[in-house]
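Hi everyone, thanks for coming. Today I'd like to walk you through one structure, starting with a single helix and working outward. Please have a look at it on the screen first.

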Amino acid sequence: MLKASLPSSSEREKLLAEHFVEVRDITAFPSSCKRGFSALAHTPDFELANPGQPYQATDVIGRGPRLPWRRLLIGGVSSDRCIIFYVIGGFAPFRAAVVLDISKKDPVLVWGGAGGKDPDDLPALISQIAGGAFTQSPGY
């Protein structure tokens with residue numbers, strides 16, 4: 001059973017008050033964010049395609065260059081937080097968002113959820129996260 005995924009009240013307040021810079025190019029993410037996302041995705045490197053760029057949308061791997069399994073939809077970075085909203089899969093795409101605390105040497109997941117709607121901009125994404133527009137399975 002899926003339930004709404006809300007950040008803790010203190011994390012919601014932080015997300016709504018923090019100044020974030022919108023990210024639409026993966027090279028703009030700081031290395032701490034890339035390390036944290038790689039650890040969550042169980043990949044040795046930061047593997048995320050830029051918005052609109054090809055990614056491995058199915059399990060049928062063709063010839064040509066190896067593609068990332070995920071594609072960035074929109075992201076954000078503040079002094080100590082990193083938000084990544086991405087898609088994985090193609091036939092039945094799965095959208096997910098994560099918020100990482102990047103203030104320490106080892107980045108930490110502070111919130112994660114699936115679903116949401118494609119936001120026009122970063123403030124709209126943050127509103128979705130704070131408002132419970134994402135879901136979370138019991139084992140997340």
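**A helix and the strands it packs on**

Let's begin with helix H2, whose buried residues pack against strand S3 (70-77), strand S4 (81-88) and strand S5 (94-101). Please keep in mind that what you are looking at is a predicted model.

Which residues of H2 are the buried ones? The helix covers residues 31-41, and its buried residues are Ser-32, Cys-33, Gly-36, Phe-37, Ser-38 and Ala-41. Here is a handy bit of background for reading such a list: an α-helix has 3.6 residues a turn, so residues three or four places apart point the same way. And if you follow the chain just past the end of H2, you meet His-42, which has a positive phi of about 55°.

Let me step back for a moment to the whole chain. The protein chain has 3 helices and 7 strands. Reading from the N terminus, the order is β-α-β-α-β-β-β-β-α-β. There are 140 residues, and 44% of them are buried. If we take the contacts with a separation of 6 or more, 52% are between residues 24 or more positions apart. As for the outside, the accessible surface is about 7800 Å², with 55% of that belonging to carbon and sulfur atoms.

Now back to H2, and to a covalent link. How many disulfides does the structure hold? There is 1, and it joins Cys-33 to Cys-82, with the sulfur atoms 1.8 Å apart. The two cysteines come from distant parts of the chain: Cys-33 sits in helix H2 and Cys-82 in strand S4, 49 residues apart. The angle about the S-S bond is -45°, which makes the link left-handed.

Are these cysteines buried or exposed? Cys-33 counts as buried because its relative accessibility is 0%. Cys-82 is buried too, again with a relative accessible area of 0%.

Next to Cys-33 in the sequence we find Ser-32, also in helix H2. Ser-32 has a relative accessible area of 13%, so it is buried. Leaving aside residues up to four places away in sequence, Ser-32 touches Ile-102 and Pro-107.

Let's move on to the strands. S4 and S5 run antiparallel and are joined by 8 bridges. Within that pairing, Tyr-86 stands opposite Ala-96 in S5. S5 also pairs with strand S6 (residues 108-115), in the antiparallel sense, over 6 bridges. Here you can find Val-98 opposite Gly-112 in S6. S5 and S6 form a hairpin, and 6 residues lie between them. How covered is S5, then, and how many of its residues are buried? S5 is mostly covered, with 6 of its 8 residues buried.

My last stop is Phe-46, in the loop between H2 and S3. Why does Phe-46 count as buried? Its relative accessible area is 18%, and the cut-off for buried is under 20%. What does Phe-46 touch, if we skip residues up to four places away in sequence? The list is Ile-26, Phe-29, Lys-34, Phe-37, Ser-38 and Ile-84. Two of those names, Phe-37 and Ser-38, you have already met among the buried residues of H2. Lys-34 is 12 residues from Phe-46 in sequence, yet their C-alpha atoms are 5.5 Å apart in space.

That's my tour, and I'm happy to go back to any part of it.

Terms used:
Residues are numbered from 1 along each chain as its sequence is written. This is a predicted model: local features need pLDDT of at least 70, side-chain atom pairs count only at pLDDT 80 or more; totals for chains, interfaces and linings use all residues. Side-chain values use heavy atoms; hydrogens and water are left out. Buried means under 20% relative accessible area, exposed over 50%, partly exposed in between (1.4 Å probe, protein chains only). Helices (H or I, at least four residues) and strands (E, at least two) are DSSP runs, numbered from the N terminus. Contact means heavy atoms within 4.5 Å. Accessible areas come from the Shrake-Rupley method with a 1.4 Å probe; for residues, only the protein chains shown count as cover. A disulfide is a pair of cysteine sulfur atoms within 2.5 Å. Two strands pair if DSSP finds at least two bridges between them.
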